[in-house]
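Below is a brief report on selected strand pairings and on enclosed space. The chain comes first, then the details.

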Amino acid sequence: MRSTRALFTLLAAALLAAAIPAALALQGAPTIDVIYPDPQPPERITPITIGGTRYISTNDIARVFRATKYWRPELRKLSLRLGDHTIRFTVDAPIVLVDEEARNLVESPRLVQGVVYVPESVLGGLMEWGFVTNATWDEPTRSVRFRSPAHTVRQAQLWVRGRVTEISATLLKALSPRLIYATPGELRLLFEDGTLDSARVFSGGVVLSGMIHETADGVEIRLVLAPGAQGYSVSVSSNRLKLAVTDDQELVQQGIFSKLEPVALGGADGKIRTIVIDPGHGGKDLGATLPGGAAEKDAALDLARALRTELQERLGARVILTRDGDSSVPVSRRSEIADESGAELFVSIHFDAEGVIRNGGFRVYALSSSPAPGSSDRLPLSLGGEGGVEMHPWDSAQSQSTGTSMAVGQAIADGLARTFPQLNVVFRTGRFIVLEPVAAPAVVLECAPAPRGGPEAMSLQGYTIRDVAKTVAQTIQDLARAGRA
């Protein structure tokens, strides 16, 4: 009896010892908001973190997107079927079959307490692969937003009438368009919280290329304009949008069209005197582990120093780093440094290990042009009555610069795309704690190194950090020159 009890005790201890590392490996992760059309209430799902990677339950994916699961325990394989599409996962294997096409998730699906968890990047994949067409995944705000069945923006078309090019669309309810920015090279407009019948691309007349599509903030129109574009006009009447651009200077002089103005960077003379660069992480905060074993904090500092050198040589500006060594700097202090120094531009630098899914690339972010929830209750506060000082909460200082920030972010993304045409480069908006308190135009640059080891671990598909720094600095220099022209 004693030997049996002793054996049982040893077995229990062994099982407990084996379970402890597994339990320690599982950590919580920021929740994801799922926003449905009215009247269905929103819900919140909770991913987990395993070994530094965020995972989401296939049970949650099946429920939210109304998918059907097929689990074969003997093969440790799970299939998710969404309409006519199927994804086949194998536990502990990074290769998945997406409609029978092999794709590498880099991180393998895991079996946790009888449930298959997959890397959170699968959420974006569902939209990119065309599996889910009625929802968007916004990674910065960590939200999945489903579109309303009754689309509020419909039948967008482009018309060329002489020297005027017009985008028109039908509006099913009263929506006020918000002009994000209008420069001689590009125009961006947003219908906040709007929904779209279908994304479209445009070209013709003064519009070299353009598109109307849904974002996490609503329906966005972006037009890339031909050289010589002079003015624009926006009007909404009788539930009809008319967005027009022209290369006819006389129409601008007559006041029929508003003038397209360059991005306003720097002081009144258009000269940029102070730039703050923020290398992410630092100290005990290593950031992501990059291919080859390097830490994100070190790569971010290397790129920040290279960018500082390029900007000093090109602009003669004072360039301040929020950290110039391996130190820990609170996020709030990084924003304070920008504001205290009177920065005219703020660039926060990060690297993303999960970018190897796309074999390297870049993501450039600016703060969303839509106000943060609850911010409308706090803006602005006037002191001293009429003509007095207008005070804004610390965490909403960026709201006055979001249009310029988006224009700068898009320009940097376009510059990187031209320099690295074989890589995936995207520009996005979202909520970022480090950007919200910054008064100056501010962006986040996230680099995703290709899967390399050894001395080339920090290069992007064979390009060095200095190549990235040169491209970003050249873009900023070009924007500054355009503003002075």
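## Hairpin of E6 and E7

Arg 76 has a positive phi near 55° in the hairpin of E6 and E7, where four residues lie between the strands. The model is predicted, so this angle is a computed value for a local feature, and such features need pLDDT of at least 70.

Strand E6 covers residues 68-72 and strand E7 covers residues 77-82. The two run antiparallel and are joined by five bridges. One pair can be named: Trp 71 has Leu 78 of E7 as its bridge partner.

## Hairpin of E7 and E8

E7 also pairs with strand E8, residues 85-90. The sense is again antiparallel. Six bridges hold this pairing. Within it, Arg 81 is bridged to Thr 86 of E8.

The turn here has two residues between the strands. Gly 83 takes a positive phi near 60° in this hairpin. Strands of a sheet pair through backbone hydrogen bonds, in either a parallel or an antiparallel sense.

## The six-stranded sheet

Further along the chain, six strands make an open sheet. Their order is E26-E25-E27-E32-E28-E31, and the pairing is mixed. Strand E26 (318-321) and strand E31 (424-430) are the edges, each pairing on one side only. From one strand to the next, the twist averages 20°.

Which way do E28 and E31 run relative to each other, parallel or antiparallel? They run parallel, and seven bridges join them. Strand E28 spans residues 361-367. Leu 367 finds its bridge partner in E31, at Gly 430. In a regular strand, side chains alternate between the two faces of the sheet.

## Enclosed space

Rolling a probe the size of a water molecule over the atoms shows where empty space is left. How many cavities of 30 Å³ or more does the count give? The count comes to one. The largest cavity holds about 40 Å³ of space.

Its lining consists of Val 34, Ile 45, Ile 56, Asp 60, Ile 61, Val 64, Phe 65, Leu 123 and Val 144. Helix H2, residues 58-65, supplies the largest share of this lining, with four residues. By class, the lining has eight nonpolar residues, no polar ones and one charged. Which lining residue is the charged one? Asp 60 is the charged residue, because Asp counts as charged and Val, Ile, Phe and Leu count as nonpolar.

Key: Residues are numbered from 1 along each chain as its sequence is written. This is a predicted model: local features need pLDDT of at least 70, side-chain atom pairs count only at pLDDT 80 or more; totals for chains, interfaces and linings use all residues. Side-chain values use heavy atoms; hydrogens and water are left out. Two strands pair if DSSP finds at least two bridges between them. Axes are lines fitted to C-alpha atoms, for helices over the stretch in contact, and angles run from 0 to 180 degrees between N-to-C directions. On a 1 Å grid over the protein atoms alone, a cavity is a set of points where a 1.4 Å probe fits but cannot get out, and a pocket is an open set with protein on both sides within 12 Å along at least five of seven lines; lining residues have an atom within 4 Å of a point. Grid points are joined across faces, edges and corners, and a volume is the space filled by probe spheres set on the points.
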